[in-house]
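Dear colleague,

Here is the structure that I promised to pass on to you. Please look it over first, and then read the notes that follow.

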Amino acid sequence: SGEEPRVAEYIRTELLSDLGDDDETFLLRASILEVVEPAVAEAVTGMDGAAERLRSLARDNRLVVRLAGGAPSYRFHHVLGEYLRAELDRREPGSTQELHRRAAAWFERADRVELAIEHALAGADQATAARLVVAITLPMHYAGHTDVLDRWIRAFDETTFERLPPLAVVGALVNGLTGRAEAAERLARWGWQENAYR
């Protein structure tokens with residue numbers, strides 16, 4: 001684990017000690033991304049020059065690996081990612097949710113709705129996540145991804161279903177499809193309450 005003290009000390013002293021402050025801040029903030037693409041990394045970190053930073057870091061073999069394929073994209077080794085996320089919480093406490101929300105906004109603008117939902121949920125932005133889940137439910141179901149819908153639905157708290165009837169309708173559908181009749185009935189009542197769609 002990158003949070004284990006001896007591992008963290010090794011990463012700090014052997015891999016990152018010669019980094020400039022800007023590069024280190026960039027890595028800390030970008031660590032909330034599973035796949036790091038320059039454009040989304042700039043949106044999340046608020047820092048320019050992501051393409052060159054990532055290219056340089058990967059060239060210097062700092063547990064940053066360029067992925068095969070067309071457009072440049074990178075992945076942090078899981079140990080480095082764990083270290084960076086723990087260090088981010090220590091250095092910029094409370095920032096993680098905001099970084100996830102920036103990622104969600106970027107992915108939504110790029111029409112990559114599934115990733116937008118994942119980051120909205122990670123950023124505790126249940127209103128945005130709910131809106132996107134409702135919009136993508138039928139395509140996801142018809143594509144055979146009811147299991148993903150189920151995971152998303154389970155991530156919402158009860159008050160969100162009560163506050164957002166369209167999400168409750170989706171929740172009722174997903175619970176019904178996965179055999180949870182009692183939960184489906186409860187959410188259906190919330191979803192179809194009088195004036196729900198006014």
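A nonpolar patch, as the word is used here, is made of residues that have over 30% relative accessible area and no salt bridge, with nonpolar side chains such as Leu and Tyr joined when they lie within 5 Å. Please keep in mind that this is a predicted model.

With that meaning in hand, one such patch of about 440 Å² can be found on the surface, and the residues that make it are Leu138, Tyr142, Leu173 and Leu177. Helices α8 and α11 are the elements that contribute two or more residues to this patch. Leucine 138 belongs to helix α8, and with a relative accessible area of 47% leucine 138 is partly exposed, because that class runs between the limits of 20% and 50%.

The next topic is charged pairs. There are 15 salt bridges in the structure, among them one between the side chains of arginine 29 and glutamate 92, where N and O are 3.2 Å apart. This pair joins distant parts of the chain, since arginine 29 sits in helix α2 and glutamate 92 in the loop between α5 and α6, 63 residues apart. Arginine 29 has 22% relative accessibility and therefore counts as partly exposed.

Another salt bridge brings together the side chains of arginine 75 and glutamate 34, at 3.5 Å from N to O. Because arginine 75 is in strand β2 while glutamate 34 is in the loop between α2 and α3, the pair ties together parts that are 41 residues apart in sequence. Of these two partners, arginine 75 is partly exposed at 33% relative accessibility, whereas glutamate 34, at 62%, is exposed.

A further salt bridge is formed by aspartate 150 and arginine 180, whose closest N and O atoms are 2.4 Å apart. Here, too, distant parts of the chain are linked, with aspartate 150 in helix α9 and arginine 180 in the loop between α11 and α12, 30 residues apart. Aspartate 150 is buried, with a relative accessible area of 13%, while arginine 180, at 23% relative accessibility, is partly exposed.

Aspartate 150 also leads us to the helix around it. The buried residues of α9 are Thr146, Val148, Leu149, Asp150, Trp152 and Ile153, and the elements that cover them include α7, α8, α10 and α11.

Finally, salt bridges also link Glu24, Glu87, Arg90 and Arg91 in a network.

With best wishes

Key. Residues are numbered from 1 along each chain as its sequence is written. This is a predicted model: local features need pLDDT of at least 70, side-chain atom pairs count only at pLDDT 80 or more; totals for chains, interfaces and linings use all residues. Side-chain values use heavy atoms; hydrogens and water are left out. A salt bridge is a side-chain nitrogen of Lys or Arg within 4 Å of a carboxyl oxygen of Asp or Glu. Helices (H or I, at least four residues) and strands (E, at least two) are DSSP runs, numbered from the N terminus. Buried means under 20% relative accessible area, exposed over 50%, partly exposed in between (1.4 Å probe, protein chains only). Contact means heavy atoms within 4.5 Å. Patches are made of residues with over 30% relative accessible area and no salt bridge: like charges are joined within 9 Å, nonpolar side chains (Val, Leu, Ile, Met, Phe, Trp, Tyr) within 5 Å. Accessible areas come from the Shrake-Rupley method with a 1.4 Å probe; for residues, only the protein chains shown count as cover.
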